[in-house]
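Me: Please take a close look at one chain of this model, going from the part that deserves the least trust to the part that packs against its partner. A connected account would suit me better than a list.

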Amino acid sequence: MGTPGEIVYPELESTAEVYRAYPFPDSFNSRTGKPMPKLFYRKASETGLSVGLSPAGTLLRYPGAVGMCRLIVRDIADCPDPLLIVQDAVDHAEIRGIPTRDEDQERALRIAKYLARIAEDWRDKPFLA
Amino acid sequence: MLALNSPVMQQGFFYAGNSSAHGEFRALCPIEGGVVIGPDSLIRTIREIERLSAQGLQHGDAASAVAQESAKRLLSEAQMDRPIYVIPSAIEASEGDLLIHWDTATKSVVLICPASTTKPAQIYREVLDGRRAIHSEMVEASSHSLSSALAWVLRAK
C-alpha cells in the first residue's frame with residue numbers, strides 16, 4: 001500500500017512489454033544483435049532499472065535515446081534471480097531487485113547478462129524513423 | 001592459420017563450411033553460439049580495448065588507465081600460458097571498470113578489471129541452460145585462471 005495520495009498501480013500482466021532506452025550508440029552490440037550487458041547494470045544512484053511501458057513514452061522520457069530494446073514481463077520474471085517490475089507512473093516502471101556491481105558483482109553480472117539475452121533490439125522499428 | 005592439431009581444433013567446434021583447402025582455416029571462424037575464434041584474437045582484443053578508450057569519453061563512460069593496463073597485462077600473460085583463440089563478444093566500460101565478455105551458447109566468461117588498484121581483477125564464469133544461468137562463480141583473475149577460463153568456455157562440457 002502506498003502513502004496517502006500516492007497512486008498504486010496494479011501488477012503488470014505477464015505479456016506486457018517494457019522498453020529500455022539506449023543512452024549511447026555503444027549500448028547496442030552489433031556483434032550479438034543484443035544490447036550490451038552494461039545497459040542492465042544498476043547504478044548506486046538508482047533504485048531500479050528505468051523502463052518505459054511504450055516506445056513513445058520511453059522516447060518522451062529519454063529524448064536523447066539512440067534506440068531501445070524490448071523485454072517481456074514474463075521473461076523478466078523468469079530470471080533465476082528474483083526480480084520485480086514495479087509500475088510507478090502511467091507510462092513507466094522499474095525493474096527492481098538488481099544489486100549494483102559493488103554490492104554483488106556475481107549476481108549483478110548474472111542478471112545483466114540474462115536481461116541482455118532476453119532483450120529484443122528495437123532500434124529499427126518504424127516509430128523511431 | 002590454425003594448426004589442425006591445436007587444442008581448439010580438436011574440440012571440434014568449427015563449422016565445416018569454414019574450412020578451406022589444404023587443412024587451413026579462415027582467420028575468423030564463427031562457432032556454435034556466435035562466438036568467434038581466430039589466431040589473432042589477442043591483438044584484436046587489445047585493439048578493441050584501445051578503440052573503446054578513445055571513444056569512451058564521447059559515450060559518457062571510459063575505462064580507467066589502470067583497468068586497461070590490467071586487462072592488457074592479463075591477456076598477454078594468459079597468451080603465454082596457452083594461445084587465446086576466442087574473440088570477445090563484448091568489451092565495455094562501466095564506471096571506470098573494463099569488462100570483457102566471451103559468450104557461447106552454453107557458457108560465458110567475463111574478465112572484470114576494476115578502475116583502481118584497490119580491488120583485484122576478477123573472472124566471472126557461468127553455465128547456461130537456454131537463456132538462464134544454472135551455475136555461476138567468481139574467481140580472482142590471474143593469467144593462469146584467465147587462460148583456463150578461456151579454454152573452458154570453448155569446451156563442449
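Reply: Residues 1-27 of chain B keep a pLDDT (the predictor's confidence in each residue, from 0 to 100) under 50, and for this stretch the model has 34 contacts (C-beta atoms, placed from the backbone, within 7 Å) beyond four places in sequence. This is a predicted model, in which local features need pLDDT of at least 70 and side-chain atom pairs count only at pLDDT 80 or more, while totals for chains, interfaces and linings use all residues. Residues are numbered from 1 along each chain as its sequence is written, with chains lettered from A and ligands numbered from 1 in the order in which they are written.

Chain B as a whole averages a pLDDT of 80, with 72% of its residues scoring at least 70. Among its helices and strands (DSSP runs of H or I, at least four residues, and of E, at least two, numbered from the N terminus), confidence is lowest in helix α1 (residues 7-10), at a mean of 40, and highest in strand β6 (residues 107-113), at 98.

Beyond its neighbours within four places in sequence, B:L111 is in contact with B:A71, B:L74, B:I100, B:A121, B:I123, B:A141 and B:L146. B:L146 is also one of the buried residues (20 or more other C-beta atoms within 10 Å of its own; exposed at 12 or fewer, partly exposed in between) of α4(B), which include B:A149, B:L150 and B:L154.

Where the chains meet, the contact takes 20 residues from chain B and 18 residues from chain A. The largest share of the chain B side, four residues, comes from β8(B).

How values were computed
Contact = placed C-beta atoms within 7 Å.
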